[in-house]
There are 2 protein chains.
Amino acid sequence: MSTPQDTSERLLDAAEKLFARFGLDSASLRQITGEAGANLAAVNYHFGSKQKLVRAVIERRLRPINELRLARLDALEAAGEPLELRDVVESFIEPALSVGLHDGREFFVFIARAHGNPSPELREIVHNEMQPIAQRYGAALGKCLPELTLEQLFWRVHFVIGALCHTVINSELLEEVTEGLCRADDRDKMLQRLVDFSVAGFSGPVVGEV
Amino acid sequence: MSTPQDTSERLLDAAEKLFARFGLDSASLRQITGEAGANLAAVNYHFGSKQKLVRAVIERRLRPINELRLARLDALEAAGEPLELRDVVESFIEPALSVGLHDGREFFVFIARAHGNPSPELREIVHNEMQPIAQRYGAALGKCLPELTLEQLFWRVHFVIGALCHTVINSELLEEVTEGLCRADDRDKMLQRLVDFSVAGFSGPVVGEV
DNA sequence: GACGACTTCGAACGTGCGTTTGAATCATAC
DNA sequence: GTATGATTCAAACGCACGTTCGAAGTCGTC
């Protein structure tokens, strides 16, 4: 009716937008179908249930991001021998921020928020998509940082993901708190800041050991 | 009925636990009052509304944590001249993890999750509690890291908070993914890992500048 | 032992939710 | 132009939610 794409596509866009803005539970099917210019029953017709709509929203964006990550990591490993830490870190962070820049701005907020969602179904979806990524990057980072134990390495990956998610979710809050000093819309600078921080965090010494 | 404390206390405990486990929206008053062994109407009688219960849950724990942070920071500034970065970082992270160790395990998961909640009321609560903390730590860290601009500094604070929240929320997921290599229950090690990472992240050079 | 304030209780209210249904509409091929 | 399958539609379903209310209970004080 309103936008040229077909209904499924419009439902995905609307859901992505409203999930990001109001959260999974608070965004109702009435809101979503209204935003998409579709009938209330459209979601259940096209996707079967709200739960399956959630899955579709995630997979539509996360899959290409992770394919991009793996492709860039493949390229790095194929090209140079030394495998620079900074390149590996960037190949992980940049595709996410990049997709966040054109289409998937809303999705990126949503998926970062979803990391904190307690629902087991949602956890399972994210887990399935992220598990192979974790393995590949664990191996690649291990080569760059041979002085770290695998356990220390995984913790630091965990911290970086936390910083990444929090950044996407709450950078507007940071802009508020710093009274405009830190800009939430300058994604390039955000990326540089985050990569600087992450590379340093990965490279840091192990001080407090038991 | 069941536990010795009075009803308000039991409601706060139950709410904290269920908010952490199921999220703010999914944990219903029927669940909460059931868990607390109280009548459904008890929350509205003692707190006025669900929203005010949320506020009470947050303030009960966050206030002491932030007082502890400021006290430790005061002590550091009163004592030694140089003001070591690691001490400052630890004075921020440790009180939170410490409270998380005995009473406030559940709360800590909840408050970290709340960081990603879109509700404006919740944002305002957290904002009010955290704003003075941000200012004090901004100043203290600025002294330790004079080579950073204030903007760079605030970004790194933001990243550390992200890592901290994500760690508390999702360390069980990390334990799953690493198949037990990283333990979610060893808070001491978590603290050391996180402090190591954060100090290194703060100290890192500014590489990618425009 | 009756008063009063404080607390608990069961029951109900209105609202919004996800889902289902069956008829209406549309598009396409014959 | 009509038959067929896919899609859209309005309406209703049952359910769980937060909140409200007045009666019932509790307990210290006179």
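**Close-up 1. Two phenylalanines in helix H6 of chain B**. Phe107(B) and Phe110(B) sit 3 residues apart, about one turn, in helix H6 (residues 105-114) of chain B; helices are DSSP runs of H or I with at least four residues, numbered from the N terminus. Both residues are buried (under 20% relative accessible area, 1.4 Å probe, protein chains only). This is a predicted model, where local features need pLDDT of at least 70, side-chain atom pairs count only at pLDDT 80 or more, and totals for chains, interfaces and linings use all residues. Residues are numbered from 1 along each chain as its sequence is written, chains are lettered from A and ligands numbered from 1 in the order written, and side-chain values use heavy atoms, without hydrogens and water.

**Close-up 2. A ring pair between the chains**. Over all chains there are 11 aromatic pairs (Phe, Tyr or six-membered Trp rings with centres within 6.5 Å; planes under 30 degrees apart are stacked, over 60 edge-to-face, the rest tilted). In one of them, Phe197(A) and Phe159(B) are tilted, at 5.1 Å centre to centre and 50 degrees between the planes. The pair runs from helix H9 (residues 187-203) of chain A to helix H8 (residues 150-177) of chain B.

**Close-up 3. Backbone and side chain at DNA strand C**. Here a backbone N or O atom of Leu29(A) lies 2.8 Å from a phosphate oxygen of the strand. Lys50(A) brings a polar side-chain atom to 2.7 Å from a phosphate oxygen of DNA strand C.

Key. A polar contact is a pair of N or O atoms within 3.5 Å; within protein, one must be able to donate a hydrogen and the other to accept it, and residues adjacent in sequence count only if both atoms are side-chain atoms. Buried means under 20% relative accessible area, exposed over 50%, partly exposed in between (1.4 Å probe, protein chains only).
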